[in-house]
Amino acid sequence: MNGQGKSDRPVVPKKLPNKGSPQGLFAEGVEGRGLAKENPLEQNPPIGRRAAPGGQSELQRIRQAAGRSKEVRFSALWHHVADVDRLREQYLALKRDSSPGIDGQTWQQYGENLEANLQDLSSRLHRGAYHAKPVRRVYIPKADGRQRPIGIPTLEDKIVQRSVAQVLSAIYETDFVGFSYGFRTGRRPHDALDALAVGIEWKKVNWVLDADIRGFFDTIDHGWLVKFVEHRIADQRVVRHIKKWLNAGVLEDGKRMQVEEGTPQGGSISPLLANIYLHYALDLWADQWRRRHARGEVVIVRYADDFVVGFEHQQDGQRFLEELKERFRQFNLELHPDKTRLIEFGKNAAYNHRKRGEGKPATFDFLGFTHMCSQTLRGRFCVLRTTMRKRLRAKLKAIKEGLRERLHEPIPEVGKWLKSVLAGHYQYYAVPRNSPALMALRHWVQRLWYRKLCRRSQKTAMTWERLQSLSKQWLPVPRILHPYPNQRLGVLIQGKSRMR
């Protein structure tokens, strides 16, 4: 894959609006905006220097050049990455209290001599003296009790990775398909949730493929990833540094281990690389498949490595699943056999289950919510989204441990902490029709707090009535913070189709 010919390039499907979508509501986004006619198309166009602080004009010109043709390969990007102003911008965007890498350097320490450090970093990037360092591996608990490996790069690696990701995103945002939502500018998890709900409710969806990629971030094939990047990036300095980060290895318990595949979760460049990999391995293929082979409607929503596909016909779902398994084998990916299933889900699922005497339809989880078949008060089918039980249990476990650590702290201090924890939970999970799960969380937090307060002293004066007074002061009553999916999605797309 040398970029000179087109025979080895993946076919990029033309993204067209879907006609006849009901009530102007659509589940997926179509990328690409109108470009100025006066900007001529150039092969590997020279992008001008920054016109203003922040580099927005440069990024806009890069995006315009990428949007004019899917065949353009960019050969002069590194000076944008190594620009001191851009490096400073990425440093200031880092979290101040994030854990340091293997060199132990913190954000505050680097900032004590910031300008000299950035000038030195820029110089090393320009002359090729910058070297990627191994990431420090740590483990964080998952909701199901397992441990998730996280790689923590050094501070300078974070800065350079963020700079590369910002420049490359200007290119790939014109390529990514509309149903890709994870780790993209202006797209949040709730946008993906809304797109899925609207797609199932308003399109002819009767079957849902709930898919899970086994160990995705640990199984990404480095060779394929580099080939995918080179479809658009001809600047070998960018490609070389991506290879450096992939091959830098990890440091765990003082031992350095070489990594032959995968990209560490926690790196600033990892989400973009993961999106690029799945763009070619899944998105383009799935978009072509539903256009060429599907007999009925197909709705796709992907957020990072989590994706859900809705089908009108069971035969389409079964064929898609079998062909997807074969597709993934080509790129060193595998669907988890125990977590991937095709279930009956949609407008007619409840009726069909009752007719067969099978009880309620199956449910599926996506982005922290369990999705169920339900009805509105007027009897219209809707997708009910409620907090996943294991997420709720994990939150209560974390609160219980936090209360134990704060056992002897003043009540107002503990109350402030509980208030912030609940407010953060509500901020994500306070979607329409999820009030029972939110109220259940508040109730159990009350009970946990009461138990801890009773253990503060053998002569406690704590009563349930007094706790109710404290709860009114410190435990906020949940209220719905998000609009209904069709309302928010309708505002975002402004009447434009997001199905294709």
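A disulfide is taken here as a pair of cysteine sulfur atoms within 2.5 Å. By that rule, this predicted model has zero disulfides. Cysteine 373 is in no such pair, and the nearest cysteine sulfur to it, that of cysteine 382, sits 9.3 Å away. Seen from the other end, the sulfur of cysteine 382 has cysteine 373 as its closest cysteine partner, but at 9.3 Å the gap is too far for a bond, given that the cut-off is 2.5 Å. As for their surroundings, cysteine 373 counts as partly exposed because its relative accessibility is 21%, while cysteine 382, at 1%, counts as buried.

Turning to the interior, the count comes to six cavities of 30 Å³ or more. The second largest of these has a volume of about 70 Å³. Its lining draws on several parts of the chain: Lys133 and Val135, then Pro153 and Gln161, then Trp245, Leu246 and Ala248, and finally Thr263, Pro264, Gly267, Ile269 and Ser270. Sorted by class, seven of the lining residues are nonpolar, four are polar and one is charged; Lys133 is part of this lining and, as a lysine, belongs to the charged class.

Arginine 237 is worth a look too. This residue lies in helix α10, which covers residues 236-247. Arginine 237 is partly exposed, since its relative accessible area comes to 33%. Its C-alpha atom is separated by 9.9 Å from that of histidine 79, although the two residues are 158 residues apart along the chain.

Methods
Residues numbered from 1 in each chain as written. Predicted model: local features only at pLDDT ≥ 70, side-chain atom pairs only at ≥ 80, totals over all residues. Heavy atoms only, no water. 1 Å grid on protein atoms, 1.4 Å probe; cavity = no way out; pocket = protein on both sides within 12 Å on 5 of 7 lines; lining within 4 Å. Points joined across faces, edges and corners; volume = space filled by probe spheres on them. Buried < 20%, exposed > 50% of the residue type's maximum accessible area, 1.4 Å probe, protein only. Helix = DSSP H or I, 4+ residues; strand = E, 2+ residues; numbered from the N terminus.
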